[in-house]
Amino acid sequence: MTSNALQLDAYIRVSKVRGRSGESFISPAVQREQIEAWARAHGHELIWHEPEMDISGGTMSRPIFDQIIQRIRDGESDGVIVAKLDRFARTLVGALNILEEFERTGAVLVSVADNIDLSTPMGKAFMRILLVFAELERDRISESWKTASSNAVARGIHISKFVPVGYERRPDKRLAPGAQAPAIKEAFQMRASHHSYTEIARRLDETAPRPGSGRWTRSRVERVIKNRVYRGEAYRGANVNHEAHPAIVTPAEWQAANLAPVRAIARGDHPSLLGGILRCAGCRYLLAPHNLANKSNKTPIYRCRTIHSAGACPSPTNVNARQIEEYVENVWRQQMADQAVAIQPDSESLQRATDALTEAERELDAFASDLTARRVLGRRFHAALEARAVAVEQAQTTVQRAMTQSIDGEVIESYGDLSVPERRRILGSSIDAVIVTRAHWQAPLGERVTILWRGEGPEDLPRRGRDNGPIRPYAP
């Protein structure tokens, strides 16, 4: 390197060309060769980064590009080098903002193919002209792509580099049902029969296994059920071809699957005491009641479903139902007895609060199963469902406050005479969540269980009808 040598960050970008060729498309290998040849000829040092693939030059916010700009701001690089100016940007305003910052800090931009020298007024003017043409070229490509995609849909072509599960692509690029079509049809029929996405995912793991060691997830099944391609449609934006290819399901089957109630059908004849209260420490999702069959009988347990909409639980747990229910009730009795000193009963306020909770729960259940509301509200349905879930939580808090003023020894003793739904309602009004960690089956429950009383639970616990974000374990 010479004394005037620069340390430059090499930037390579490729847009979604979708088969284009010519001067507007420069492959990563060609860009790298041009940059390396120029650097060798001028004695400059290059810092290489991963190519920015499938990223438009119409935006100045790009992950690799942002890293390079930050390095230049931090003084770790003298500038950036690209094979051609439109690799740097295809938008005039955004590029000029970055280049004005380069001018203030003394950083340089090298465009090999355009031979730009920004140290002169003529070089700066030439650069602006090239950016204008780059922006025009981007607009032209975008308009051409819209026209091409519209024509493709009219010809019945499914526009995607991925072939939908259950289909195969014919030589004319149109879709035809494949070997997994019967499994997909069964998935729609299961959903129309009110099976949960998780249940369908487990079935598809058997009938239509994914390549490699991949597994079907709840979210992947949901995308399949909502995809109109299985009705025989090709679509892109407002362009729709209703007879693009043979359908796997009829319009009636598709509608029935997509109008299924949000809540799955009951999983047993007997209500669970801690349903909606027990949670897995590995993922914070609710534990589901289940019967573990053996040779002699069925043992009721609560277990983590493992596969959730946000991903797989890293440490799924299960617990004996009878043991955990007895343990939680005993702890609850002791907690209530400790709070019952010198408290006067107020059965009237408790009754009002209980009635309000019952009404809120009835409203939530009715709305969750309302097919018409789901169809009419569309995306707004889940927001309305969440509002009703919040109303139930508020009613539970009111019941807990009323109970705090009405619990005495006699009330605690009469607790055992209540039905399972009534006892669950009382426990739910006192407890935010019961967290169960994974452990050996002989481990004492006291070491596995954390009871979060009302007001102690995190506000971001996963709940139905909201975006719960990525899987996260419980952190005390």
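Biologist: Is Asn241 buried or exposed, and what is its relative accessible area?

Modeller: Burial is read from relative accessible area (under 20% buried, over 50% exposed, partly exposed in between; 1.4 Å probe, protein chains only). Asn241 has a value of 16% and is therefore buried. The model is predicted, so local features need pLDDT of at least 70 and side-chain atom pairs pLDDT 80 or more, whereas totals for chains, interfaces and linings use all residues. Residues are numbered from 1 along each chain as its sequence is written, and side-chain values use heavy atoms, without hydrogens and water.

Biologist: Which backbone atoms does the side chain of Asn241 reach?

Modeller: A polar contact is a donor-acceptor pair of N or O atoms within 3.5 Å, and sequence neighbours count only through two side-chain atoms. The side chain of Asn241 reaches the backbone oxygen of Ala154 at 3.2 Å and the backbone nitrogen of Glu243 at 3.0 Å. Asn241 itself belongs to strand 10 (residues 239-241); strands are DSSP E runs of at least two residues, and helices are H or I runs of at least four, numbered from the N terminus.

Biologist: How many aromatic pairs are there in the whole structure?

Modeller: Rings of Phe, Tyr and Trp (its six-membered ring) pair if their centres lie within 6.5 Å; planes under 30 degrees apart are stacked, over 60 edge-to-face, the rest tilted. The search finds three pairs. Tyr167 and Tyr230 are stacked, because their ring centres are 5.8 Å apart and their planes at 25°. Tyr167 lies in strand 7 (residues 167-169) and Tyr230 in the loop between helix 8 (218-226) and strand 9 (234-236), so the pair ties together parts 63 residues apart in sequence. Both tyrosines, Tyr167 and Tyr230, are buried, and with Phe188 they form one aromatic cluster.

Biologist: Which residues of helix 2 are buried?

Modeller: In helix 2 (residues 63-73) they are Ile64, Phe65, Ile68, Ile69, Arg71 and Ile72. They cover an arc of only 155° around the axis, so they lie on the same side of helix 2; the arc is taken from the directions from the helix axis to the C-beta atoms. Just after helix 2, Gly75 has a positive phi of about 75°.

Biologist: How many residues does the largest nonpolar core have?

Modeller: Such a core joins buried Ala, Val, Leu, Ile, Met, Phe, Trp, Tyr and Cys residues through side-chain atoms within 4.5 Å. The largest has 27 residues, and those with the most contacts inside it include Leu274, Tyr302 and Val434. Helix 10 gives the most to this core, with five residues. A second, separate core of 23 residues includes Leu175, Phe188, Val224 and Ile248.
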